[in-house]
Structures are given as structure tokens and as C-alpha cells.
Amino acid sequence: MRVMLLGSPGAGKGTQAQLIVEQYQIPQISTGTMLRAAVAEGSELGQQVQKIMENGELVPDQVIIDLVKKRISQLDCENGFLLDGFPRTLSQAQSLRDANIEIDVVIEIFVSDEEIVKRMSGRRIHPGSGRSYHIDFNPPKISGKDDLSGEDLIQRKDDREETVRTRLAVYHDQTKPLIDYYQGYVPELGKKAPKFVQINGIQEVQEVGKQILTVLEQYTSDV
Ligand code: AP5
Ligand code: MG
């Protein structure tokens, strides 16, 4: 199963990704988590992207495309993967097509901007894995600690309201066109076109998850 999650920053991609990778035993490819790991390591890539990420802007396409292609070529992606946070521009989407990387299902999690701003202030993440929580809506079992490792949770630097607003503007400008792109993909590709589904993200975490799993089950029973 090759799944792509689209949606604005804070729509719940990372939260739902946890459920999907567990259910389908596929790796999660979160470009945001990969980049944050590079920043934490202080690698050359990390130094190159740190400021861009803190400002809520997009890392240059070619940097991201190289990173994702390399990741997808690894053995554990042979039977599928989940893309979370990639593609984010038309040129990134085109790079998948150029490399003949087919996607089975594209899921857009839709959440309004005002709801996003509310959510981000309460988000906490586990830096090692990227696991995401919310102090009210999706709290960890022990306050401030990751459920699996017991390690400390942190607040992301780009979750300040001002930066969230920049990220939303970048989303509307550069990433939202991908919704039309994937909805309009069908005629040219025929059966190879990914199935596109929009899910209402302003529902309880469990309900959003249930609807996503239903879509994926439907897909596997159709093919
Ligand atoms: P990235 O890490 O991908 O950030 P993002 O897209 O802004 O998305 P988020 O991780 O902020 O949100 P999410 O949808 O995963 O939501 P979550 O599940 O955590 O990217 C960071 C940066 O890296 C970018 O700004 C850019 O600089 C760079 N980058 C990454 N990929 C790139 C690319 N392809 N090209 C160029 N640059 C790139 O949920 C959010 C909060 O809401 C949590 O607290 C959660 O608990 C809560 N929540 C989730 N679901 C619900 C619900 N149903 N109800 C209530 N609360 C909920
Ligand atoms: Mg995320």
C-alpha cells in the first residue's frame, strides 16, 4: 500500500500516520521528521534547513526530492510506504511521476485555518520518533512523556502563532494546488491514477482514523 497524506500544517497528518503504519506495517516517510533529525544532528543538511524551517518556509524542492527518493529506494519501502508532508509543491509531485513512483491512495485531511491555530499551541512532540500529542485533544498517558519510550516531549519552534500563520500562507500558496492536481490526475493515468479522498479533520482523532482506515480497506478490497 502506497499512501499519501495531504493537508495543512497541523491537520493531523502525523497523528493519523501512526495509526496507518501500525495497521499496514509500512514505513512512515515524514519529511518534517527527517529534516528535524538532521537539524538535531547538526549535519550539513540540518545546517542548511534550520533557519528555513524555523521561519515556516519550504526547504528547496531539489533537497527534498533527493531525500525522499533515497528513502523510498530502501528495502523496507518495497511493499509500500506512507508519505507524510511530501509532496508539498507541484514540482515535488511531478518528481514522483517522473520517477514512476505510483501512489495508490491520496488522503486529504481538511481542517480550517482557525482550528489549526488553536491546535498548534497545545501540540507536543517526541523528537526521536516524531510522535505527536496534544495537551487536551490527544494527551500522552503521562503528562510531558512519550507513551512508548517515556522520554520527554517538546514543543516545536515553528509552532509559535506567527510562524503557524506563515506556514498556513505557504500551504495555501504552494501546497493546496496539489489537491486539484491529484483530483485531476485521473484521465491521463486511467487505472494507475491514485484514489483521492477528502476526510473532515475536525472530528475526534479516533473518528478521523476510523474513516481513513475505512477508505484504505475499501481500496484493498477493490484491487
Ligand atoms: P512538517 O513537520 O511536515 O510540518 P507540517 O506540514 O507543518 O505539519 P505538522 O507536522 O505541523 O502537522 P501534522 O498535520 O502532522 O499534524 P499533527 O498530527 O502533528 O514540516 C515542517 C517544516 O519542514 C516545514 O515547515 C518545511 O520548512 C519543512 N518541510 C517538510 N517537508 C517539506 C517538503 N516536502 N518540502 C519543503 N519543505 C518541507 O497534529 C497537530 C496537533 O493537533 C497535535 O497536537 C495533535 O495532537 C492535534 N490533533 C491531531 N488531530 C486532531 C484532531 N482530530 N482533533 C484535535 N486535535 C488534533
Ligand atoms: Mg507532522
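This report walks through a ligand site, a pair of packed helices and one loop residue in a predicted model.

**Around ligand 1**

Let us start with ligand 1, which has 36 residues surrounding it. The closest of them are Thr15, Glu57, Arg88, Arg123 and Arg167. What kinds of residues make up this shell? They divide into 12 nonpolar, 14 polar and 10 charged.

Several pieces of secondary structure take part. Helix H1 (13-24), helix H2, helix H6 (113-121) and strand E6 (132-134) each supply at least two residues of the shell. Which of these gives the most? That is H2, with 4 residues.

The protein backbone also comes up to the ligand. The table lists three places where a backbone N or O atom lies at a short listed distance from an atom of ligand 1.

| Residue (backbone N or O atom) | Atom of ligand 1 | Distance |
|---|---|---|
| Glutamate 57 | oxygen | 2.5 Å |
| Glycine 85 | nitrogen | 2.9 Å |
| Histidine 134 | oxygen | 3.2 Å |

How much of ligand 1 does the protein bury? Taken alone, the ligand exposes 1000 Å², and the protein buries 97% of that. Glutamate 57 appears twice in this picture: it is among the closest residues to the ligand, and its backbone is 2.5 Å from a ligand oxygen.

**Two helices that pack together**

Helix H2 has a second role to look at, since it packs against another helix. Two packed helices are described by the angle between their axes and by the distance between those axes. Here, H2 (residues 31-41) and H4 (residues 61-72) pack at an angle of about 105°, and their axes are 11 Å apart. Angles of 65 to 115 degrees count as roughly perpendicular, so H2 and H4 are roughly perpendicular to each other.

Which residues meet where these helices pack? From H2 come Thr31, Met34 and Leu35, and from H4 come Ile64, Leu67, Val68 and Arg71. The residues of this contact divide into 5 nonpolar, 1 polar and 1 charged.

**A loop residue and the start of the chain**

Finally, look at aspartate 104, which sits in the loop between helix H5 (90-98) and strand E4 (105-110). Aspartate 104 and methionine 1 are 103 residues apart in sequence, yet their C-alpha atoms are 6.5 Å apart in space. Beyond its neighbours within four places in sequence, aspartate 104 is in contact with Met1, Arg2, Pro194, Lys195 and Tyr219. One of these partners, arginine 2, has its backbone nitrogen reached by the side chain of aspartate 104 at 2.8 Å.

Key. Residues numbered from 1 in each chain as written. Chains lettered and ligands numbered in written order. Predicted model: local features only at pLDDT ≥ 70, side-chain atom pairs only at ≥ 80, totals over all residues. Heavy atoms only, no water. Axes fitted to C-alpha atoms, helices over the stretch in contact; angles between N-to-C directions. Parallel < 35°, antiparallel > 145°, perpendicular 65-115°, else oblique. Contact = heavy atoms within 4.5 Å. Nonpolar A, V, L, I, M, F, W, Y, C, P; charged D, E, K, R; others polar. Near = heavy atom within 4 Å. Polar contact = N/O pair within 3.5 Å; in protein donor to acceptor, adjacent residues only side chain to side chain. Areas by Shrake-Rupley, 256 points an atom, 1.4 Å probe, with all protein chains shown as cover.
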